[in-house]
Amino acid sequence: IVPMPDTHQEYNAGLLYQTKSAIVLDQTELTSESLIKTIRKILFDIDFQKQMTDNFQLLFPPHAANKIYKLITYFLNKQHDKSQS
């Protein structure tokens, strides 16, 4: 992840970095060599890929997308029912 400096992206990237769920690169220090090195690590280090994937999945509750969908649908239906009354 290469967050835009001085934005909320840095906070979000910081969380992923702290939980070892992603590699975060500082835009001001980024070089083509460091980017290539990072990409190669991600592509060819299978254990590292698994570690990041496992850590990333721990950040989200199981079936979170489905739960969010159900909440949105519930509230949309509730609003629709009110407008029909």
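User: Where do Asp54 and Lys50 lie, and how many residues apart are they?

Analyst: Both sit in helix H3, four residues apart, which is about one turn of the helix. Helices are DSSP runs of H or I with at least four residues, strands are runs of E with at least two, and both are numbered from the N terminus. This is a predicted model: local features need pLDDT of at least 70, side-chain atom pairs count only at pLDDT 80 or more, and totals for chains, interfaces and linings use all residues. Residues are numbered from 1 along each chain as its sequence is written, and side-chain values use heavy atoms, with hydrogens and water left out.

User: Why is the contact of Asp54 with Lys50 called a salt bridge?

Analyst: The term asks for a side-chain nitrogen of Lys or Arg within 4 Å of a carboxyl oxygen of Asp or Glu. For Asp54 and Lys50 the closest N and O atoms are 2.8 Å apart, so the pair meets that cut-off. As background, side chains of opposite charge can pair when their charged atoms come close.

User: How many salt bridges does the structure hold, and what makes Lys41 and Asp45 a case?

Analyst: There are two. Lys41 pairs with Asp45, with the closest N and O atoms 3.0 Å apart, and the criterion is therefore met here too.

User: Why is Lys50 called exposed, and what is Asp54 called?

Analyst: Buried means under 20% relative accessible area, exposed means over 50%, and partly exposed is in between (1.4 Å probe, protein chains only). Lys50 has 52%, so Lys50 counts as exposed. Asp54 has 33% and is therefore partly exposed. In the other salt bridge, Lys41 at 37% is partly exposed, and Asp45 at 26% is partly exposed as well.

User: What makes Glu29 part of a negative surface patch?

Analyst: Patch members have over 30% relative accessible area and no salt bridge; like charges are joined within 9 Å, nonpolar side chains (Val, Leu, Ile, Met, Phe, Trp, Tyr) within 5 Å. Glu29 has 61% and counts as exposed, so the area condition is satisfied. Its partners in the patch are Asp6, Glu10 and Asp26. Glu29 itself lies in the loop between helix H1 (8-18) and helix H2 (32-44).

User: Which residues make the nonpolar patch, and how do you know that Val2 has enough area for it?

Analyst: The patch of about 530 Å² is made by Val2, Leu30, Leu35, Ile39, Leu43 and Phe44. Val2, in the segment before H1, is partly exposed at 35%, so Val2 passes the area condition for patches.

User: How do you know what radius of gyration a compact globule of this length would have?

Analyst: The radius is taken over C-alpha atoms, and the globule rule is 2.2 Å times the number of residues to the power 0.38. For 85 residues that comes near 12 Å, but the protein chain has 19 Å. Its C-alpha trace spans about 65 × 30 × 20 Å along the principal axes, and buried residues make up 13% of the chain.

User: Why is Pro62 called exposed, and where does Pro62 lie?

Analyst: Pro62 has 57% relative accessibility, so Pro62 counts as exposed. Pro62 lies in the loop between helix H3 (46-58) and helix H4 (64-84).

User: What is Phe75 called, buried or partly exposed?

Analyst: With 46%, Phe75 is partly exposed. Phe75 is in helix H4, and its C-alpha is 37 Å from that of Ile23, 52 residues away along the chain.

Terms used: Areas by Shrake-Rupley, 256 points an atom, 1.4 Å probe, with all protein chains shown as cover. Lys, Arg positive; Asp, Glu negative; His and termini not counted. Charge placed at Lys NZ, Arg CZ, Asp CG, Glu CD.
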